Structure formats: structure tokens, C-alpha cells
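User: I am new to this structure and would like a close look at a single part of it. Please start there and then work outwards.

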Amino acid sequence: MKSYLTLSITCFISFTSLFGQMQIALTKNWFYTQADTIQWQACTIPGNTYTALLENQKIPNPFYGDNEKNIQWVSEKNWLFKTKFDIDSKYLKEDNIHMECPGLDTDCSLYLNNQYLGKANNAFRHWTFDVKQLLNVGENELLIQFNSCLLYTSPSPRDRTRSRMPSSA
């Protein structure tokens, strides 16, 4: 049976003040869409593409029966996740403000307020991005573009179908 790739997200804004380390969890107001259709739907984060699709009844439970066979297309697509969050002016007075992402799986680009923030390409790393210069007082938007990992697991995109594990395995 084929396996599927999970694109997961966990992020928070952190800064150190006179009162110690403080964090703002980015767990609310998340939306996702397939990158080539742009039909935003609400989702729960922490989570991943499969949990978002399940939550919106777009796929059957991949752990039931042989449903996994019918959702292989999910790993072949690029996905976008976004959230909006507010930052109070008192937080922007801090010297260092970072966004920490201990759970970005796997190849993705991050944009904060329409500005490129950085790239993550290893699910086993804890990613930290300096966001002080990109944050606004009030509303901010974080967009994460997850690229299909299948493009990186074969010698070339045209070889993707040949490099996959046979369905009988």
C-alpha cells in the first residue's frame, strides 16, 4: 500500500521581555486551500492537510479500510495555510521577536504580511524566524505554502510515477 505525506503546522510568536519569555500561540483563525483552486476553508491548527480535509469532509478517514488508496492525490498537490492575528504595540517595543515553528512538515515557504519570511525543508528541525521588522501593530497575516514533497523524492518530476512504490507492496 502507498503511504501518504503529512504537512503539519505548529507556530507561535515569542519574545523576551523584562518579565521573561512570552509567547503568543498561533492556533486560531486558520484557513487552508489547495494551491491551484484557492477555495479557503477553516481548519484547526495544530494539524495537517489530512486533518483539515477530514474536518471539512473532503476525504474519507485514511485509517479506515483501504481509504488511503483513494486519497493519494493529497500528497501530489501544493497547499496553502493562512491565519490572521493581532499584535499589540507593547509587544513591538521588545528588542527581539521571533516566530518559532517546531512543526513544519516538510517543504514550505512562509510569508508574513505579504513579505517573504523564509523556507523550511526539514520536518525534524525547530525553525525560528526573526519577525520584528515584518510585524504590524494590529492585524498581521501569516501564509504558509506547502509544496508537494513528491517533487523532491524522485530524480525528476517526470519520473515521479516510476519512482513510487508499487500498489501491491
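Which residues form one aromatic cluster? Please also show how that part fits into the rest of the protein.

Analyst: The model is a predicted one. The aromatic cluster is formed by Tyr32, Trp73, Trp79, Phe81 and Phe146.

Start with the pairs. The whole structure holds 6 aromatic pairs. One of them joins Tyr32 and Trp79. Their ring centres are 6.2 Å apart, and the planes meet at 40 degrees, so the pair counts as tilted, a class between the limits of 30 and 60 degrees. Tyr32 belongs to strand 4, residues 30–34. Trp79 belongs to strand 7, residues 79–87. The pair therefore ties together parts that lie 47 residues apart in sequence. Both Tyr32 and Trp79 are buried.

A second pair in the cluster is Phe81 with Phe146. Here the geometry is edge-to-face. The centres are 5.8 Å apart, with 85 degrees between the planes. Phe81 is in strand 7, while Phe146 is in strand 12, residues 138–146. This pair links parts 65 residues apart in sequence. Phe81 counts as buried because its relative accessibility is 0%. Phe146 also has 0% relative accessibility, so it too counts as buried.

Now step out to the core. Phe81 is among the residues with the most contacts inside the largest nonpolar core, which has 35 residues. Met99, Leu104, Leu110, Leu142 and Ile144 are the others named there. Several elements give two or more residues to this core. They include strand 4, helix 1 (49–55), strand 7 and strand 12. Strands 8, 9, 10 and 11 do so as well. Strand 7 gives the most, with 4 residues.

Leu142 shows how this core is joined up. Set aside its neighbours within four places in sequence. Leu142 then touches Phe81, and also Lys82, Thr83 and Phe85. Its other contacts are Leu26, Trp30, Met99, Leu110, Tyr111 and Leu112.

Lys82 leads to another ring. Its charged end sits over the ring of Trp40, 4.2 Å from the ring centre. A similar arrangement involves an arginine: Arg125 lies over the face of Trp127, at 3.8 Å from the ring centre.

Charged side chains also meet each other. The count of salt bridges is 2. One joins Lys119 and Asp107, whose closest N and O atoms are 3.2 Å apart. Lys119 lies in strand 10 (residues 115–120), and Asp107 in the loop between strand 8 (97–101) and strand 9 (108–112), so this bridge ties together parts 12 residues apart in sequence. Asp107 counts as buried, because its relative accessibility is 6%. Lys119 is at 35%, so it counts as partly exposed.

The other bridge joins Asp66 and Lys69, at 3.8 Å from N to O. Asp66 is partly exposed at 40% relative accessibility. Lys69 is exposed at 53%.

Asn70 sits in the loop between helix 1 and strand 7. This residue is exposed, at 54% relative accessibility. Asn70 and Ile59 are 11 residues apart in sequence, and their C-alpha atoms are 8.5 Å apart in space.

Some loops have backbone details worth a look. Ile45 and Pro46 are joined by a cis peptide bond, with omega about 10 degrees. Pro46 lies in the loop between strand 5 (41–43) and strand 6 (47–48). Ile38 has a positive phi, near 50 degrees, although it is not glycine. Its place is the loop between strand 4 and strand 5. Ile38 is partly exposed, at 45% relative accessibility. Asn114 also has a positive phi, near 65 degrees. Asn114 is in the loop between strand 9 and strand 10. With a relative accessible area of 70%, Asn114 is exposed.

Finally, the whole protein. It has 2 helices and 12 strands. Along the sequence the pattern reads β-β-β-β-β-β-α-β-β-β-β-β-β-α. Buried residues make up 43% of the 169 residues. Among contacts with a separation of 6 or more, 66% join residues 24 or more positions apart. The pair of Phe81 and Phe146 spans 65 residues in sequence. The accessible surface comes to about 9600 Å², and carbon and sulfur atoms account for 49% of that surface.

How values were computed: Residues numbered from 1 in each chain as written. Predicted model: local features only at pLDDT ≥ 70, side-chain atom pairs only at ≥ 80, totals over all residues. Heavy atoms only, no water. Buried < 20%, exposed > 50% of the residue type's maximum accessible area, 1.4 Å probe, protein only. Contact = heavy atoms within 4.5 Å. Areas by Shrake-Rupley, 256 points an atom, 1.4 Å probe, with all protein chains shown as cover. Phe/Tyr/Trp six-rings, centres within 6.5 Å; stacked < 30°, edge-to-face > 60°. Lys NZ or Arg CZ within 6 Å of the ring centre and 35° of its normal. Salt bridge = Lys/Arg side-chain N within 4 Å of Asp/Glu carboxyl O. Core = buried A, V, L, I, M, F, W, Y, C linked by side-chain atoms within 4.5 Å.
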